[in-house]
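Grab your viewer and work through these exercises one at a time. Try each task yourself before reading its solution.

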Amino acid sequence: MRRIAISVAASTMTLSLAGCGVLNATGDGASASPTKGNDITVGLLLPEKANTRYEKFDYPIIKDKVAELTKKQGKVEYANADASAARQAEQLQNMIDEKVDVILLDAVDAHLVAPGVEKAKSAGIPVIAYDRLAEGPIDGYVSFDNELVGEVQGRTLLEAMGPGVGTSDKIVMMNGSPTDPNAKQFKEGALSELNGKVDIAQSYDTTGWKPENAEANMAKAIALIGKGNIAGVYAANDGMAGGVIKALKAAGVTSLPPITGQDAELDGVQRVVSGEQYMSVYKSYPDEAAAAAQIAVTKIQGKDIQFDALTQDRVDSPTTKQVPSRLVQVSALTRKTIKDTVIADHIYGVDDICTTRYKASCAAIGLK
Ligand code: GAL
């Protein structure tokens, strides 16, 4: 997707016209779209709770940002689908029935949700795909550069396996949910780094991104490959890295191979500190969530100039071409980069990470 994301000359042009005073630079009222004031309701549909990012970061940040952008008059109506596509379809229908003004949708199943997106569209409610590219007639998309996430994971795994890494080294791939288009992009990005460099001995897609499913698949992989023959594990996120580590320990592995992750979850970061997990990927939730809130609010308030400025990338979904999008950058989180990522961005304080259990490991890497 990164490769097809392009800037759009048209919106740049509009911006420079605004700068010349030809158009109203604030965008207020200078639009053909139906405009609303600050008294708006943003519907927010998030996919699951097993991963802590959604309730710890995405929801509260979006809520605060919507309040800030609407002088505390706008509100967020939130529902979490607990990894069930059927539940999410009901939640989406409820929001349409309640006539929310705009919907931010992080789909459990990007394909199955399309009829719901169609219904919202027919009811005049714009839908902005959040984090995962929902199918159907969406008005915008905010996410991270997901292929880059996979590349960073693959590259860092090879680095951890050392300079002697070769095609006789067996790794296991624990990919995300097959209903999440991000999972496919993470996998493709990782494969672009790993193919031809190591032996991918077993590869699994993980239903619902569930750590317990990753744990069960890892137990199968250990039985097939042998516990002493696994030189590395690509785990697509931190939750699943936790499941993989449980399975390895249960099989009696004492010296863990390098294992990847994603999301900079607190326990993932602590495992990176202690050396149980080699890396995670830090994705700036404040940047993604704040952009989503701004895009939703400018869309519904008809501030087209700002909306264009916020969505200068273009992305194609299987059903919809050239979706106005914003893709936020990511970076690798290893022992060396904890300070420059999650600490610098105030996601966690040193005290959150360096609890009694991790004090010695923190001291060893100079985290204080
Ligand atoms: C992905 C998301 C990741 C992770 C995963 C499991 O779509 O980009 O950050 O949270 O889902 O929920």
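**Exercise 1.** In which sense do strand 6 and strand 8 pair, and over how many bridges?

*Solution.* Keep in mind that this is a predicted model. Start with strand 6, which covers residues 170-175. Its pairing with strand 8 is parallel and runs over four bridges. To pin down the register, pick Ile171: its bridge partner in strand 8 is Gly232.

**Exercise 2.** Work out the strand order of the sheet and find its edges.

*Solution.* The sheet is open, has three strands and reads 7-6-8, with parallel pairing. Next, look for strands that pair on one side only: these are strand 7 (199-205) and strand 8 (232-235), so they are the edges by that criterion. Going from one strand to the next, the twist averages 15 degrees.

**Exercise 3.** Which strands does helix 6 touch, and how is its direction set against strand 6? Do likewise for helix 7, taking strand 7 as the reference.

*Solution.* Helix 6 (residues 181-194) packs on the sheet and touches strand 6, strand 7 and strand 8. Its direction makes about 165 degrees with that of strand 6. Now for helix 7 (residues 211-225): this helix also packs on the sheet, with contacts to strand 6, strand 7 and strand 8. The angle between the directions of helix 7 and strand 7 is about 150 degrees.

**Exercise 4.** Describe the largest pocket and its lining.

*Solution.* Volume comes first: about 390 Å³. Then count the lining, which has 23 residues; Asp180, Pro181, Asn182, Lys184 and Gln185 lie nearest the centre. Helix 6 gives the most, with seven residues. Sorted by class, the lining has eight nonpolar, eight polar and seven charged residues.

Definitions and conventions
Residues numbered from 1 in each chain as written. Predicted model: local features only at pLDDT ≥ 70, side-chain atom pairs only at ≥ 80, totals over all residues. Heavy atoms only, no water. Pairing = 2+ DSSP bridges. Helix = DSSP H or I, 4+ residues; strand = E, 2+ residues; numbered from the N terminus. Axes fitted to C-alpha atoms, helices over the stretch in contact; angles between N-to-C directions. Contact = heavy atoms within 4.5 Å. 1 Å grid on protein atoms, 1.4 Å probe; cavity = no way out; pocket = protein on both sides within 12 Å on 5 of 7 lines; lining within 4 Å. Points joined across faces, edges and corners; volume = space filled by probe spheres on them. Nonpolar A, V, L, I, M, F, W, Y, C, P; charged D, E, K, R; others polar.
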